[in-house]
Amino acid sequence: MGPTNGGIATPALDQETPGILQRVSEEGGGYTFARMAAAARDGDARAAEAAREMAWEQLHCGPWHSVLPIWRDAYSMACLHVAKHHFATGDLSETLKVLDLGLIMGGSLLKVDFECAVDKVMTLLQLRDNSNNVDDQETNLLFSSLDFNQAQVLQFLPTKSLSSKLIARRSGLSLEGFLCDYYLSGLPVIISDTMSHWPARARWNNLEYLKKVAGGRTVPVEVGKNYLCSEWKQELITFSQFLERIQSANTSAVPTYLAQHPLFDQASSLSEELYPHPETMLQNSSQVDLDDIDDTAFPNVRDLEFMDCILDEGEMLYIPPKWWHYVRSLTPSLSVSFWWSNSEEG
């Protein structure tokens with residue numbers, strides 16, 4: 001693969017470099033990093049990689065909340081230098097990977113440079129891949145309704161599921177109706193027909209489309225049944241690798257979930273039957289495994305009141321604030337979560 005024309009413009013990096021180097025030296029004791037970063041700015045590829053490794057170590061030296069913010073900006077700086085080197089040699093895939101790592105793990109100070117660089121690399125990758133024309137037709141489905149066996153799927157539901165209160169399902173629900181009947185009342189509701197016009201209804205089930213627009217992007221995933229299990233871990237893989245995993249027919253494989261990268265700062269109201277974890281970081285999570293309830297260890301679960309439902313394709317579920325919830329994917333699927341809060345509550 002030959003070198004690309006031009007380079008990656010980094011106006012924010014050019015402007016912020018002196019301040020970052022000063023702060024990383026004074027606040028983070030990163031004198032060696034500062035020397036390597038200065039050499040990287042002069043075109044030393046090995047120095048750029050060494051600086052990135054130094055910053056990476058600082059990001060993993062303890063709990064995430066204890067990492068000095070300047071090291072996140074330092075990592076962003078090093079990633080941009082490394083990405084510029086890969087771009088100059090024509091290695092667009094590696095360039096994109098380094099840029100994604102900078103976006104995921106780095107600070108926000110240089111974000112504009114990353115976004116512009118990603119746009120440029122993605123444009124070049126699509127130009128090189130013009131031989132594969134992808135439209136919105138479901139010619140190569142990621143998930144097929146023919147694979148759905150309702151009787152088999154229902155066997156995977158938790159104990160007592162669908163035998164208690166069912167969540168209301170509303171069609172043609174107006175904003176006024178939602179606010180009056182559910183939002184102000186603090187009740188959940190399934191809204192069944194508000195996504196029919198979303199292009200994602202077709203495009204997100206088109207395997208070639210997904211690979212084209214995001215296949216080479218690096219994303220954080222969670223591997224394991226849930227983050228409370230001992231085998232749970234996080235990985236950084238490409239989106240194409242993630243698609244391959246969820247398409248796998250190996251039912252014994254450990255589940256892989258595409259995760260965003262949020263930092264939780266939530267105060268939850270407790271109900272005793274759910275046995276929340278005593279640890280601070282897990283107080284919004286229950287110790288009870290609803291797939292295999294141990295009612296000897298957690299006897300109050302027997303009297304737990306709950307509402308449940310099964311979401312069909314194209315439906316959305318509103319969950320009121322501070323409601324405990326348990327979600328299980330009965331079939332391979334793609335979904336989106338939107339979180340918001342009352343601005344007056346912070």
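## A walk through the predicted fold

Six bridges connect strand S4 (residues 218-223) with strand S5 (residues 233-238), and the two strands run antiparallel. That pairing is a good place to begin touring this structure, which is a predicted model. To find the register, look at Pro 220, whose bridge partner in S5 is Leu 236. S4 is mostly covered, with five of its six residues buried.

Step on from S5 and you reach helix H11 (residues 239-247), where Phe 239, Ser 240, Phe 242, Leu 243 and Ile 246 are buried. Viewed down the axis of H11, these buried residues fall within an arc of 155 degrees, so they line one face of the helix. The general geometry helps here: an α-helix has 3.6 residues a turn, so residues three or four places apart point the same way.

H11 and S5 are also linked through charged side chains. Arg 245 and Glu 235 meet in a salt bridge, at 2.8 Å from N to O. Because Arg 245 lies in helix H11 and Glu 235 in strand S5, the pair ties together parts that are 10 residues apart in sequence. Lys 233 joins in too: salt bridges with shared partners bring Lys 233, Glu 235 and Arg 245 into one network. Arg 245 itself is partly exposed, with a relative accessible area of 33%.

Now let us widen the view to the other salt bridges. The whole structure has eight of them. In one, Arg 217 pairs with Asp 100, and the closest N and O atoms are 2.5 Å apart. Arg 217 sits in the loop between helix H10 (207-214) and S4, while Asp 100 belongs to helix H5 (residues 92-105), so this pair ties together parts that are 117 residues apart in sequence. Asp 100 has a relative accessible area of 3%, so it counts as buried, the cut-off being under 20%.

Another salt bridge joins Arg 169 to Glu 315, with 2.7 Å between the closest N and O atoms. Here the link is between strand S2, which holds Arg 169, and the loop between strand S7 (307-308) and S8, which holds Glu 315, so parts that are 146 residues apart in sequence are tied together. The two partners can be told apart by their cover: Arg 169 is partly exposed at 42% relative accessibility, whereas Glu 315 is buried at 13%.

S2 and S8 bring us to a second piece of strand pairing. An open sheet of three strands has the order S2-S3-S8, and its pairing is mixed. Strands S2 (169-170) and S8 (316-318) are the edge strands, each pairing on one side only. Strand S3 (residues 189-191) pairs with S8 in the antiparallel sense over three bridges, and Val 189 stands opposite Tyr 318 in S8.

For a last local stop, try Ser 25 in helix H1 (residues 11-26). Ser 25 is buried, with a relative accessible area of 11%. Beyond its neighbours within four places in sequence, Ser 25 is in contact with Gly 30, Tyr 31 and Ala 34.

Finally, step back to the chain as a whole. It has 11 helices and eight strands, and 31% of its 346 residues count as buried. Of the contacts between residues at least 6 apart in sequence, 67% join residues at least 24 apart. The accessible surface comes to about 21,600 Å², with 51% belonging to carbon and sulfur atoms. As for disulfides, the count is zero. Among the residues outside the regions toured above, Cys 61 is exposed at 57% relative accessibility, and Cys 116 is partly exposed at 48%.

Terms used
Residues numbered from 1 in each chain as written. Predicted model: local features only at pLDDT ≥ 70, side-chain atom pairs only at ≥ 80, totals over all residues. Heavy atoms only, no water. Helix = DSSP H or I, 4+ residues; strand = E, 2+ residues; numbered from the N terminus. Buried < 20%, exposed > 50% of the residue type's maximum accessible area, 1.4 Å probe, protein only. Contact = heavy atoms within 4.5 Å. Areas by Shrake-Rupley, 256 points an atom, 1.4 Å probe, with all protein chains shown as cover. Disulfide = S-S within 2.5 Å. Pairing = 2+ DSSP bridges. Arc of directions from axis to C-beta. Salt bridge = Lys/Arg side-chain N within 4 Å of Asp/Glu carboxyl O.
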